[in-house]
Amino acid sequence: MRQLNSGLIEVICGPMFSGKTEELIRRLRRAKIAKKRVLVFKPRIDNRFDEVQIVSHSSQKISSIPVEDVETMEHCLRQLDSPVDFIGIDEVQFFNEALILFVENLANRGMRVILSGLDQDSNGKPFGPMPNLLAVADIVTKQYAVCMMCGAAASKSYRLKSQQNSAQVFVGASESYEARCRPCYHKGVS
Ligand code: ADP
Ligand code: MG
Ligand code: ZN
């Protein structure tokens with residue numbers, strides 16, 4: 001069994017609208033209730049709802065530090081007067097592969113690192129550092145949304161036709177994407 005006080009990498013993955021951010025916020029709030037020192041980051045690219053807060057589609061919020069890249073997170077941690085117990089990072093698919101060593105080092109030093117991100121892009125391909133991150137994680141939670149076509153469990157983020165362009169990194173919300181199960185994703189039509 002895992003020891004609750006030792007370093008750990010937890011990853012919450014799934015498609016858009018699957019409650020990844022809600023679950024990240026829930027776990028970080030519990031850490032705060034336990035009087036743990038918590039630090040939260042998000043990539044600066046994700047400013048759909050708020051510059052400094054992480055906000056779920058259901059309007060749950062937690063304060064965070066927006067950062068450009070992994071080096072900026074390292075820099076922030078070096079500036080701290082006292083070490084933190086928990087580190088949360090949302091939308092981790094937008095970071096590069098340097099994320100892997102970074103979070104492994106933190107966990108090896110005893111920190112609980114909780115990360116959330118899209119496992120697949122809207123083309124159904126593994127997204128950024130997620131495959132390697134999932135491989136080194138201690139605990140993986142795969143979440144599902146509700147398919148907007150049929151109501152089944154949705155594992156895919158479908159980019160609506162009216163919004164399609166070729167870039168993998170296209171930050172948008174409900175007006176651009178919807179959650180779909182595999183059959184409805186392949187049916188296309190929006
Ligand atoms: P994620 O971070 O995975 O994109 P959020 O945690 O921001 O998801 O939001 C999850 C919330 O989104 C749900 O609790 C629900 O209120 C809302 N929601 C909107 N569309 C859907 C959907 N198709 N399936 C599930 N939840 C949805
Ligand atoms: Mg989210
Ligand atoms: Zn479906």
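Just after α1, lysine 35 takes a positive phi of about 60°. Helices such as α1 are DSSP runs of H or I with at least four residues, strands are runs of E with at least two, and both are numbered from the N terminus. Lysine 35 sits in the loop between α1 and β2 (38-43). Most residues other than glycine have a negative phi. Lysine 35 is exposed, with a relative accessible area of 72%; exposed means over 50%, buried under 20%, and partly exposed in between, with a 1.4 Å probe and protein chains only.

This is a predicted model, in which local features need pLDDT of at least 70, side-chain atom pairs count only at pLDDT 80 or more, and totals for chains, interfaces and linings use all residues. Residues are numbered from 1 along each chain as its sequence is written, chains are lettered from A and ligands numbered from 1 in the order in which they are written, and side-chain values use heavy atoms, with hydrogens and water left out.

A positive phi also occurs at glutamate 91, where the value is near 55°. Glutamate 91 belongs to the loop between β6 (86-89) and α3 (98-108). Glutamate 91 is buried, with a relative accessible area of 11%.

The helix that precedes lysine 35, α1, has 14 residues and reaches 20 Å from its first C-alpha to its last. That is close to the expected 20 Å, taken as 1.5 Å times one less than the number of residues. The buried residues of α1 include Lys20, Thr21, Glu23 and Leu24, and Ile25, Arg27, Leu28 and Ala31 are buried in α1 too.

α1 also takes part in the surroundings of ligand 1: three residues, the largest share of the shell, come from α1. There are 14 residues around ligand 1, and Lys20, Thr21, Glu22, His57 and Val146 come nearest; a residue counts as near if one of its heavy atoms lies within 4 Å. By class, the shell holds six nonpolar, six polar and two charged residues, where Ala, Val, Leu, Ile, Met, Phe, Trp, Tyr, Cys and Pro count as nonpolar, Asp, Glu, Lys and Arg as charged, and the others, Gly among them, as polar.

Backbone N or O atoms lie at short range from oxygen atoms of ligand 1, within the 3.5 Å limit set for a polar contact between N or O atoms: 2.9 Å for phenylalanine 17, 3.0 Å for glycine 19 and 2.7 Å for histidine 57. Taken alone, ligand 1 exposes 580 Å², of which the protein buries 76%; these areas come from the Shrake-Rupley method with a 1.4 Å probe.

Conventions:
A polar contact is a pair of N or O atoms within 3.5 Å; within protein, one must be able to donate a hydrogen and the other to accept it, and residues adjacent in sequence count only if both atoms are side-chain atoms.
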